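Please prepare a briefing on how the side chains of this model pack together. The interest is in its nonpolar cores and in one of its helices.

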Amino acid sequence: MNNKDTQNNIEKLSSCSKEPRQILESIILKIETVLSRELLEQAMKDFVSLQNEWDETLTPELKENESELINHYLSVCDNFIQQRDWALWANYKKKEEICSNLTTLFEENLSQASIDQFSALRSEWKNTGPVPEGKRNKLWKKYRTICKQLYEKNIEFYQEKEKVK
């Protein structure tokens, strides 16, 4: 559902208490657009903030009379969570691939090109967003282990290079 459809749906809903209802409608629109942000971590923080704002704004009268609005809100929240979960797993897969590429680098003979590639892969890791919480620690340990091994191999490479001079 795009923003225009959402706005049309909101306009069709009956009006109960205008000001709080308008705030709630605005919150729904913000939630629908928050995941389009590039930084998933910021999108998740904004989402939680918007949920808190919703909870503070939702009056007992609105709870009783605006079931369609509330159902729309719940649907938008479910959609956000599903998209967030997909993004977390995509990040996990990307970071697993980075670890695999780092392992391949470790198994190769070290050169200036592979050192540059090591640096590029570390930057890519840093720029890749968060992963599912249950996978975070194990993946981080795997990444740190291979980076440490590559770092030690880099030191050996530069020591050998200095001996040749």
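The points below cover the basis of the values, then the cores, then helix 6.

This is a predicted model, in which local features need pLDDT of at least 70 and side-chain atom pairs count only at pLDDT 80 or more, while totals for chains, interfaces and linings use all residues. Residues are numbered from 1 along each chain as its sequence is written, and side-chain values use heavy atoms, with hydrogens and water left out.

**Nonpolar cores**
- The largest nonpolar core (buried Ala, Val, Leu, Ile, Met, Phe, Trp, Tyr and Cys residues joined through side-chain atoms within 4.5 Å) has 17 residues, and Leu 24, Ile 31 and Trp 54 have the most contacts inside it.
- Two or more residues of this core come from each of helix 2 (18–34), helix 3 (40–57) and helix 5 (67–107), where helices are DSSP runs of H or I with at least four residues, numbered from the N terminus.
- Helix 5 gives the most to this core, with six residues.
- Trp 54 touches Leu 24, Ile 27, Ile 28, Leu 69, Ile 70 and Tyr 73, not counting residues up to four places away in sequence; contact means heavy atoms within 4.5 Å.
- Apart from this core lies another, of 14 residues, among them Leu 102, Trp 125, Val 131 and Leu 139.

**Helix 6**
- In helix 6, Ser 114, Ile 115, Phe 118, Leu 121 and Trp 125 are buried, that is, under 20% relative accessible area with a 1.4 Å probe and protein chains only, whereas exposed means over 50% and partly exposed lies in between.
- Seen down the axis of helix 6, the buried residues fall within an arc of 120°, so they line one face of the helix; the arc is that of the directions from the helix axis to the C-beta atoms.
- On the other side of helix 6, Ala 113, Lys 126 and Asn 127 are exposed.
- The buried residues of helix 6 pack against helix 5 and helix 7 (133–164).
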